[in-house]
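Here is a set of short exercises to work through with the model open beside you. Try each task before reading its solution.

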Amino acid sequence: MLEDIQAAIPLGFFLSFMIGPVFFVLLETSATKGFRAALSFDFGVIIADIIFITIAYFSSYQLLENLSNQPGLYVFGGVILLIYGLTTILKKDKKKEELNVKMTKGGYISLFIKGFLLNFINVGVLVFWLGIIIIVGPSLENEPNRIWVFFATMISSYFVTDLVKILLAKQLRKKLTPKRIYLVKKGLGFILVICGVVLITKGFLPKDQLNIEKGIEIIREQNK
């Protein structure tokens, strides 16, 4: 069991630094809205991950195959990200200082939902967790207790690393001016647009380019 925990910790650490829309929105939220706001957003992201892991665990390789044969899911998630990114880019700049806006209970709930949906609409995250379970499962002898300990440790490591990122990003608040906030938000919008385009592109790739089985086999060969 201890070996499983030791193997999961670095995976959770590297997972936290996987470049994607959630990574950048988390840093932006911490820098512009503060620690508790970013924490609310991160809780939403983690709940979505836990749901994905649960779905992945109780499903099978067949679900992974079905997802790879449903490019429309990638397009749907990509369009949502694209629209969100364009809205952020085209939104007019507010004249008032946004750093000192007091967060309300409703604001925290909104950020929680935002984190959840931003992670949940990306079907690639579910495919990722399915792939991890298929690869890691055999090494854990497919024992439910070991698998849950492994993923609980991985998510905990991921969360702790996110806390460090949030605290570091929060230090930028002192250096953020209204103009810099504006530039950060526009930059975030462009990143979301790029992520959306990439996801949509995946949906239009030929089926053989989305062959999950080949990808898993490659990973397995590299780990031998």
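**Exercise 1.** Decide whether F204 is buried or exposed in this predicted model.

*Solution.*
Step 1. Find the residue: F204 lies in helix α9, which covers residues 178-204.
Step 2. Take its relative accessible area, which is 63%.
Step 3. Compare that with the cut-off: exposed means over 50%. F204 is therefore exposed.
Step 4. Look for a partner far along the chain. V75 is 129 residues away from F204 in sequence, yet the two C-alpha atoms are separated by 7.8 Å.

**Exercise 2.** Describe the protein as a whole: which elements does it have, and how much of it is buried?

*Solution.*
Step 1. Count the elements: there are 10 helices and zero strands. Read from the N terminus, the order is α-α-α-α-α-α-α-α-α-α.
Step 2. Turn to burial. Of the 224 residues in the protein, 42% are buried.
Step 3. Consider the surface. About 12700 Å² is exposed, and carbon and sulfur atoms supply 67% of that area.
Step 4. Check the range of the contacts. Among contacts with a separation of 6 or more, 90% are between residues 24 or more positions apart.

**Exercise 3.** Work out how α1 and α8 are placed against each other, and which residues meet.

*Solution.*
Step 1. Start with the axes. Those of α1 (residues 2-16) and α8 come within 7 Å and cross at roughly 40 degrees.
Step 2. Classify the angle. A value of roughly 40 degrees makes α1 oblique to α8.
Step 3. Add the handedness: α1 passes α8 in a right-handed crossing.
Step 4. List the residues in contact. From α1 come D4, I5, A7, A8, I9, L11, G12, F13, L15 and S16, and they meet R146, V149, F150, T153, M154, S157, Y158, T161, D162 and K165 of α8.
Step 5. Sort them by class: the contact of α1 with α8 has 11 nonpolar, five polar and four charged residues.

**Exercise 4.** Take one residue from that contact, R146, and establish whether it is buried or exposed and what it touches.

*Solution.*
Step 1. Place the residue: R146 is found in helix α8, residues 144-170.
Step 2. Apply the cut-off for buried, which is under 20% relative accessible area. R146 has 18%, so R146 is buried.
Step 3. Name its contacts. Setting aside residues up to four places away in sequence, R146 touches M1, D4, S139, L140 and E141.
Step 4. Pick out M1 from these contacts. M1 and R146 are 145 residues apart along the chain, while their C-alpha atoms are separated by 6.7 Å.

**Exercise 5.** Helix α2 packs with both α8 and α6, so treat the pairs in turn: what is the orientation in each?

*Solution.*
Step 1. Begin with α2 and α8. Their axes come within 8 Å and cross at roughly 45 degrees. The two helices are therefore oblique to each other, and the crossing is right-handed.
Step 2. Name the residues that make this contact: V22, F23, L26, L27, S30 and A31 of α2, with Y158, D162, K165, I166, A169 and K170 of α8. By class, the contact of α2 with α8 has eight nonpolar, one polar and three charged residues.
Step 3. Move on to α2 (residues 21-33) and α6 (residues 105-120). Their axes come within 10 Å and cross at roughly 165 degrees.
Step 4. Angles over 145 degrees count as roughly antiparallel. That is why α2 and α6 are roughly antiparallel to each other. This crossing is right-handed.
Step 5. List the partners: P21, V22, V25, T29 and K33 in α2 meet L111, K114, L118 and N119 in α6. These residues divide into five nonpolar, two polar and two charged.

**Exercise 6.** Find out whether T29 is buried or exposed, and which residues it contacts.

*Solution.*
Step 1. Locate T29 in helix α2.
Step 2. Read its relative accessibility, 1%, at which T29 counts as buried.
Step 3. Leave aside neighbours within four places in sequence; T29 is then in contact with G34, A37, A38 and L111.
Step 4. Tie this to the previous exercise: T29 and L111 are among the residues where α2 meets α6.

Conventions: Residues numbered from 1 in each chain as written. Predicted model: local features only at pLDDT ≥ 70, side-chain atom pairs only at ≥ 80, totals over all residues. Heavy atoms only, no water. Helix = DSSP H or I, 4+ residues; strand = E, 2+ residues; numbered from the N terminus. Buried < 20%, exposed > 50% of the residue type's maximum accessible area, 1.4 Å probe, protein only. Contact = heavy atoms within 4.5 Å. Areas by Shrake-Rupley, 256 points an atom, 1.4 Å probe, with all protein chains shown as cover. Axes fitted to C-alpha atoms, helices over the stretch in contact; angles between N-to-C directions. Parallel < 35°, antiparallel > 145°, perpendicular 65-115°, else oblique. Left-handed = near helix turned anticlockwise from the far one by under 90°. Nonpolar A, V, L, I, M, F, W, Y, C, P; charged D, E, K, R; others polar.
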